[in-house]
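This report sets out the architecture of one protein model from its atomic coordinates. Sheets, helices, the nonpolar core and selected loop residues are taken in turn.

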Amino acid sequence: MKSFIEQVHYIRLPVKDLELSAQWYRDVLGLQLLNITEERAVIKVNEGSFLLILVSTGDETYAHFTIDNEEAFSIGFTSPKLSTLHQHLMDNQVKVEDILKDDDGHAYFYFYDPTGNKLQVHW
C-alpha cells in the first residue's frame, strides 16, 4: 500500500521567549525566519519545505522527553561541519555537550535552545 503521507512539513517547538528564540534560531543556527506573530515564529530549514514552528508558551514544557529519567532529544539536525558548529555554539554561550561517536562512526552532540529544548546534530 502506498502511504497517504508525503513528508514531514513542520515540527512545533514550545518556547518561553518567542522573540529571543526566533532571533537565536536565525542568528546562531543560521536558519531563515519567515514570519513572526505574537503566538508563533516560522523558521525555514535550508532549501527544502521543512519548517520549525516556534510556539510561545508560559508553561514549563519542552520538545524533548525522558527515558529512564534522562533527557532524550526529539529533533536531530545534520551538519558536515560538526566541529566548527560545536565551537560556534560554544562561542555563542549555547549550552552544548561534548562531541561523541557511536559504533557506526557517526559523530554527534547535544545542545539546547534558549528555552531548554534538547536538540542533536550529527554527521
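The sections below describe the model, beginning with its basis.

## Basis of the description

The model is predicted: local features need pLDDT of at least 70 and side-chain atom pairs count only at pLDDT 80 or more, while totals for chains, interfaces and linings use all residues. Residues are numbered from 1 along each chain as its sequence is written, and side-chain values use heavy atoms, with hydrogens and water left out.

Helices (H or I, at least four residues) and strands (E, at least two) are DSSP runs numbered from the N terminus. Two strands pair if DSSP finds at least two bridges between them.

## The sheet S1-S4-S3-S2

One open sheet has four strands in the order S1-S4-S3-S2, with mixed pairing. S1 and S2 are its edges; each has a single partner strand, so one side of each is left without a neighbour in the sheet. From one strand to the next the twist averages 25 degrees. S2 and S3 run antiparallel and are joined by four bridges; glutamine 32 has lysine 44 in S3 as its bridge partner.

## Helix H1

H1 lies across S1, S2, S3 and S4, at about 160 degrees to S4; axes here are lines fitted to C-alpha atoms, for helices over the stretch in contact, and angles run from 0 to 180 degrees between N-to-C directions. Helix H1 spans residues 18-27, and its buried residues are Leu18, Ser21, Ala22, Trp24 and Tyr25 (buried: under 20% relative accessible area; exposed: over 50%; partly exposed: in between; 1.4 Å probe, protein chains only). Seen down the axis of H1, these residues fall within an arc of 160 degrees, so they line one face of the helix; the arc is that of the directions from the helix axis to the C-beta atoms. In general, an α-helix has 3.6 residues a turn, so residues three or four places apart point the same way.

The cover over the buried residues of H1 includes strands S1 (10-15), S2 (32-36), S3 (40-44) and S4 (51-56), together with S9 and S10. At the N-terminal end of H1, aspartate 17 acts as a cap: a side-chain oxygen lies 3.4 Å from the backbone nitrogen of glutamate 19. A polar contact is a pair of N or O atoms within 3.5 Å; within protein, one must be able to donate a hydrogen and the other to accept it, and residues adjacent in sequence count only if both atoms are side-chain atoms.

## The sheet S7-S10-S9-S8

Another open sheet of four strands has the order S7-S10-S9-S8, again with mixed pairing. Its edge strands are S7 (75-78) and S8 (100-101), each pairing on one side only. S7 and S10 are parallel and share four bridges; in S10, valine 121 stands opposite phenylalanine 77 and histidine 122 stands opposite threonine 78. The covered face of S7 carries Ile75 and Phe77, and the uncovered one carries Gly76 and Thr78.

S9 (residues 107-112) and S10 (residues 118-122) run antiparallel, joined by five bridges, with tyrosine 110 paired to glutamine 120 in S10. Four of the five residues of S10 are buried, so this strand is largely enclosed by the rest of the structure. Helix H2 (residues 82-91) lies across S9 and S10, at about 20 degrees to S9.

## The nonpolar core

The largest nonpolar core has 25 residues, of which Tyr25, Leu52, Leu54, Phe109 and Phe111 touch the most other members. Such a core is a set of buried Ala, Val, Leu, Ile, Met, Phe, Trp, Tyr and Cys residues joined through side-chain atoms within 4.5 Å. S1, H1, S3, S4, S7, H2, S9 and S10 each supply at least two residues of this core, and H1 gives the most, with four.

Leaving aside residues up to four places away in sequence, tyrosine 25 touches Leu13, Gly30, Leu31, Ile43, Leu52, Leu54, Asp113 and Leu119 (contact: heavy atoms within 4.5 Å).

## The S9–S10 loop

S9 and S10 form a hairpin with five residues between them, and glycine 116 in the turn has a positive phi of about 110 degrees. Threonine 115 lies in this loop and counts as buried at 10% relative accessibility. A polar atom of the threonine 115 side chain lies 3.0 Å from the backbone nitrogen of lysine 16.

Asparagine 117 is also placed in the loop between S9 and S10, and counts as buried at 0% relative accessibility. A polar atom of the asparagine 117 side chain lies 2.6 Å from the backbone nitrogen of alanine 63. Not counting residues up to four places away in sequence, asparagine 117 touches residues including Leu13, Pro14, Val15 and Phe111.
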